[in-house]
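Biologist: I am new to this structure and would like a close look at a single part of it, with enough of the surroundings to find my way. Please take your time over the answer.

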Amino acid sequence: MSITAKELAKKLNISPAAVSMALNHKPGVSTATRQKILDAAQRYGYDFTRISQKMTASGAVYLIIYKKHGAVVADTPFFSQLSEGITLGCKKENFNLKVSYIYENEENVERQIEDLRTSDCCGIILLGTEMTAADIRPFLKLDIPVVLLDTYFEELACDSILINNIQGAYIAASYLIKKCPGQPGYLHSSYPIQNFSQRGDGFYNAIRAAGLPVSKSVVHRLTPSVEGAYADMCEILKRGERLASSYFADNDLIAAGAIKAFKAFHYRIPEDISVTGFDDLPISGVIEPNLTTINVPKKYMGEMAAQRIIALIKNPHQPPVKTEISTTLIRRRSVRTRA
């Protein structure tokens, strides 16, 4: 028979109120005391399902969008599909979902994070696309379960759900190497986002695997938006910089902007220059020619994040896990084949 909260309080010589706050992940007890209570609860066989229904009724999962560079836009298809998956996952388990924004350039960021302690938040899905490890650490000190979405850091003991960026970029670059003449170039994001850094690793892994010299890869740094990439690539073309015969782009928006610029300067796609993207956004199916790209199961990623945060709310004594979602190549018409 499992131990009750009242019996646990007696064993630890701690007030029943303190035990209740710790077990229900509410503020009012120190971090050390909370951990002592949770460790003892697990040791003595406390039934955590006793509090799961109360959490479901009184608490909410918070999806927090941390905006830093401006690359995360809530009305993009990528974000909307992630959000749809999170909403579906929470609904299945009868958890409410609330969406909150934190802007790094605001003065009260620390207070916004600290306010989560006294809110109805019982679990956080943190969209970490633009974040660094230092940005994430304050959230991990809240004594609230956290699942990091769309990024991962080796130095953080934190559950993470993310794309297998290295695999996706490797697949795309390998496809260009196989299908196109000449060594592929790289349309690299000018924003320092970890996803793009990992995609760079995948691109260069494919170059090395093919026995090609990394130093000879043509790289252009472009703003990760259609209009930004278009403007940047137009400047590169005006300067007459060396071009590759094919390119892997860090995302579909960069690819679409670059294609628009190439066409403005009378390059034919894919006859003169082939391009692949990443993300399989709706734009990839409507630009001319349709974009060969890497599909990311965005809705599924959101569902996985919801499932994991709810599992942590119900049973907080689980080791952190890293879940990488595999990607697939979608072949369209923006890549030529060898003559």
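In which loop, between which helix and which strand, does Pro 270 lie?

Modeller: What you see is a predicted model, and Pro 270 lies in the loop that runs between helix H11 (252–264) and strand S9 (274–276). The bond that leads into Pro 270 deserves attention, since a cis peptide bond joins Ile 269 and Pro 270, with an omega of about 10°. A second cis peptide bond runs from Glu 288 to Pro 289, where omega is near -5°, and Pro 289 has its place in the loop between S9 and strand S10 (293–295). To set Pro 270 against another part of the chain, one may take Tyr 300, which is found in helix H12: Tyr 300 and Pro 270 are 30 residues apart in sequence, and their C-alpha atoms are 32 Å apart in space. Tyr 300 itself counts as partly exposed, at 43% relative accessibility.

A view of the whole chain helps to place that loop. The secondary structure comes to 12 helices and 12 strands, and the C-alpha trace spans about 80 × 40 × 35 Å along its principal axes. Of the 339 residues, 51% count as buried, while the chain exposes about 15200 Å², of which carbon and sulfur atoms supply 51%. Among the contacts with a separation of 6 or more, 72% are between residues 24 or more positions apart. The side chains include 40 positive and 34 negative ones, and the centres of these two sets lie 5 Å apart.

From Tyr 300 one can follow helix H12 to the interior. In soluble globular proteins, nonpolar side chains tend to be buried together. Here the largest nonpolar core has 43 residues, and those with the most contacts inside it are Ile 125, Leu 149 and Phe 248. Several elements each supply at least two residues of this core, among them strand S1 (60–67), helix H5 (77–92), strand S3 (121–127) and helix H12 (298–314), and the largest share, 8 residues, comes from H12. Ile 125 shows how parts of the chain meet there, for, leaving aside its neighbours within four places in sequence, Ile 125 is in contact with residues including Val 61, Leu 63, Ile 86, Leu 149, Ala 305 and Ile 309. A second, separate core of 23 residues includes Leu 187, Ile 259, Phe 262 and Leu 291.

Helix H12 also brings us to a charged residue with little exposure, Asp 159, which lies in strand S5. Asp 159 counts as buried because its relative accessible area is 5%, and the cut-off for that word is under 20%. The side chain of Asp 159 makes a polar contact with the side chain of Arg 308 at 2.6 Å, and the side chain of Asp 159 also reaches the backbone nitrogen of Val 321 at 3.2 Å. Apart from residues up to four places away in sequence, Asp 159 touches Val 146, Val 147, Leu 148, Arg 308, Leu 312, Pro 319, Pro 320 and Val 321.

Another buried aspartate is Asp 135, found in helix H7 (residues 133–140), with a relative accessible area of 11%. A polar atom of the side chain of Asp 135 lies 2.9 Å from the backbone nitrogen of Thr 132, and Asp 135 touches Tyr 66, Lys 68, Glu 104 and Glu 130 when residues up to four places away in sequence are not counted.

Two further aspartates return us to the subject of loops and backbone geometry. Asp 143 is found in the loop between H7 and S4, where its phi is near 60°, a positive value in a residue other than glycine, and Asp 143 is partly exposed at 22% relative accessibility. Asp 150 is found in the loop between S4 and S5 and has a positive phi of about 75° although it is not a glycine, but Asp 150 is buried, with a relative accessible area of 3%.

Finally, Gln 42 offers an example of residues remote in sequence that meet in space. Gln 42 lies in helix H3 (residues 31–43) and is partly exposed, with a relative accessible area of 43%. Gln 42 and His 317 are 275 residues apart in sequence, yet their C-alpha atoms are 7.9 Å apart. Leaving aside its neighbours within four places in sequence, Gln 42 is in contact with Phe 48 and His 317.

Notes:
Residues numbered from 1 in each chain as written. Predicted model: local features only at pLDDT ≥ 70, side-chain atom pairs only at ≥ 80, totals over all residues. Heavy atoms only, no water. Helix = DSSP H or I, 4+ residues; strand = E, 2+ residues; numbered from the N terminus. Buried < 20%, exposed > 50% of the residue type's maximum accessible area, 1.4 Å probe, protein only. Contact = heavy atoms within 4.5 Å. Areas by Shrake-Rupley, 256 points an atom, 1.4 Å probe, with all protein chains shown as cover. Lys, Arg positive; Asp, Glu negative; His and termini not counted. Charge placed at Lys NZ, Arg CZ, Asp CG, Glu CD. Core = buried A, V, L, I, M, F, W, Y, C linked by side-chain atoms within 4.5 Å. Polar contact = N/O pair within 3.5 Å; in protein donor to acceptor, adjacent residues only side chain to side chain.
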